[in-house]
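Student: I have a model open and would like to go through it with you. Could we start with the contacts to the nucleic acid?

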2 protein chains.
Amino acid sequence: MDQMSRNIGIQLKKIRKERSLSLDDVAKATDVSKAQLAQIEKGEANPTVSTLWKIAAGLKISFSSLLQPPKTFFQKYSVDPSTYVSEENGKYRVYSIIPYNPERGWEFYKIEMDPGVIHKSEPHTEGVEETVTVIEGQAVVQCGNMKECLEEGETLVFSANQPHQYENPTDKVTILHLIIQYR
Amino acid sequence: MDQMSRNIGIQLKKIRKERSLSLDDVAKATDVSKAQLAQIEKGEANPTVSTLWKIAAGLKISFSSLLQPPKTFFQKYSVDPSTYVSEENGKYRVYSIIPYNPERGWEFYKIEMDPGVIHKSEPHTEGVEETVTVIEGQAVVQCGNMKECLEEGETLVFSANQPHQYENPTDKVTILHLIIQYR
DNA sequence: GACAAATGTATACTATACTAAACAAAATGT
DNA sequence: ACATTTTGTTTAGTATAGTATACATTTGTC
């Protein structure tokens, strides 16, 4: 989340510097206190939409120009154990690698399936797309009445708007990478 | 401003109803309290970006889908006396009709110029465009070294990134409509 | 170098966003 | 028809966003 606050701060400071304004100038133009503006720029604040509005209106900029993330990234993620989920009596384990981000629109999971396990999923809302890649082992993916067996290194993309299931037909653990893209 | 809050509320409720979720469901999915969600939907709240983030992330939607204004409008404006500004010793009067709106990107003024008045403006930031229409009288508009005399009903568009001025060469009051478009 | 103005930071206080719980109203089931 | 669950609303309390003021640092000017 504080990713967002940091972005806003960066964008605001960038615009302010481009126009070579002081915090006082911006405070006067936007009717937002200098202290608060400083906090926002440092990414240490959690502004309300009304203050964002006042900033955007006072500076004559759009909302998106404040929310826009910087164009270059260099961000490391590792499996987040706090969001670890296990199903099918612990035989189907889901690890979040990149959690959902409203700006990005998708999330990234690692999945471990014990031998023989079948995991069923309810249909998601319209427009949701799953991309599965087999890292290790094999996976049989079924969606509606379509079915595909994936070998190591193979990838399947499908729209998950109907019941679907993952199965590990082998006698070893199968490891998948799963990207879920929302509309 | 509360235009914005109202929009967010409408959008949120729309998405919730589309998926036929209860406030409790959304509260559970987003980790935002039911009470707050209710307030937001009614447009009576002024949420922070962190709560917007939690809502967007929990519902797997983008930021813009919350900020998006409804597609149909029917909104009346009249001259706002509180933002009335006069310059050149009261001989150049500016009335705001539609104030700047970060989503729209432009604002709309009515201007009254007494006979003979000349009003000079400093250059605006890059990308600012002015559109002047003469409602009554005549106006001589100068921008940089360009010059144009506008009769009643005529309109001029120019980029206001250099010093410019408005002049009323007649012996009657001239009335202008001015649209200022920001980048 | 010394004074003055301007800039960002830190502090104390106020307003309000947000939560948790109790409540009321409607829907659901037996 | 009645109890039970599900729904949105209201209320009281807490956390924190926001402001105003004072402070520290820099910048420019004579």
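Tutor: Gladly! Keep in mind that this is a predicted model. Let's begin with Thr48(B), which places a polar side-chain atom 2.6 Å from a phosphate oxygen of DNA strand C.

Student: Which residue has a polar side-chain atom 2.9 Å from a phosphate oxygen of DNA strand C?

Tutor: Look among the residues that come nearest to DNA strand C: Leu23(A), Ser33(B), Gln36(B), Thr48(B) and Thr51(B). Thr48(B) is already placed, at 2.6 Å. The contact at 2.9 Å from a phosphate oxygen is made by the side chain of Thr51(B).

Student: And what is the distance from the polar backbone atom of Asp31(B) to a phosphate oxygen of DNA strand C?

Tutor: For Asp31(B) the polar atom belongs to the backbone, whereas Thr51(B) uses a side-chain atom. The backbone atom of Asp31(B) and the phosphate oxygen of DNA strand C are separated by 3.5 Å.

Student: Of the atoms of DNA strand C within 4 Å of the protein, what percentage belong to sugar or phosphate?

Tutor: Two groups make up these atoms: sugar or phosphate, and bases. On the protein side, α1 (2–18) and α3 of chain A, with α3 and α4 of chain B, each give at least two residues to this surface. Sugar or phosphate accounts for 68%.

Student: How do the residues near DNA strand C divide by class?

Tutor: There are 18 residues around this strand. Sorted by class, they come out as five nonpolar, seven polar and six charged.

Student: Let's turn to DNA strand D. Which residue has a polar side-chain atom 3.0 Å from a base oxygen?

Tutor: Start with two contacts to phosphate oxygens of DNA strand D. Thr48(A) reaches one with a side-chain atom at 2.7 Å, and Leu23(B) has a polar backbone atom 2.7 Å from one. The base oxygen, in contrast, lies 3.0 Å from a polar side-chain atom of Lys34(B).

Student: Which helix supplies the largest share of the surface near DNA strand D?

Tutor: Both chains take part: α3 (34–41) and α4 (49–59) of chain A, and α1 (2–18), α2 (23–30) and α3 (34–41) of chain B, each supply at least two residues. In all, 20 residues surround this strand. The largest share, three residues, comes from α3(B).

Student: What does UniProt place at residues 12–66 of chain A?

Tutor: In the model, that stretch is 69% helix and 0% strand, with its end C-alpha atoms 6 Å apart. The record is an unreviewed UniProt entry, and the feature it gives there is "domain: HTH cro/C1-type".

Student: Where are the edge strands in the open sheet of chain A?

Tutor: The sheet has four strands in the order β4-β9-β6-β7, with antiparallel pairing. An edge strand pairs on one side only, which applies to β4 (118–121) and β7 (146–150).

Student: Which residue stands opposite Lys120(A)?

Tutor: Four bridges join β4(A) to β9 (residues 164–167) of chain A, and these strands run antiparallel. The residue in β9(A) opposite Lys120(A) is Gln165(A).

Student: Why does the salt bridge between Lys60(B) and Glu107(A) join two chains?

Tutor: This pair has an N to O distance of 3.2 Å, and the structure holds 14 salt bridges over all chains. Lys60(B) lies in the loop between α4 (49–59) and α5 (63–67) of chain B, while Glu107(A) lies in strand β3 (residues 106–113) of chain A, so the pair joins chain B to chain A.

Methods:
Residues are numbered from 1 along each chain as its sequence is written. Chains are lettered from A and ligands numbered from 1 in the order in which they are written. This is a predicted model: local features need pLDDT of at least 70, side-chain atom pairs count only at pLDDT 80 or more; totals for chains, interfaces and linings use all residues. Side-chain values use heavy atoms; hydrogens and water are left out. Two strands pair if DSSP finds at least two bridges between them. UniProt positions are given in the numbering used here, feature names are shortened, and annotations may be inferred rather than shown by experiment. A residue is near a molecule or strand if one of its heavy atoms lies within 4 Å of it. A polar contact is a pair of N or O atoms within 3.5 Å; within protein, one must be able to donate a hydrogen and the other to accept it, and residues adjacent in sequence count only if both atoms are side-chain atoms. A salt bridge is a side-chain nitrogen of Lys or Arg within 4 Å of a carboxyl oxygen of Asp or Glu. Ala, Val, Leu, Ile, Met, Phe, Trp, Tyr, Cys and Pro count as nonpolar, Asp, Glu, Lys and Arg as charged, and the others, Gly among them, as polar.
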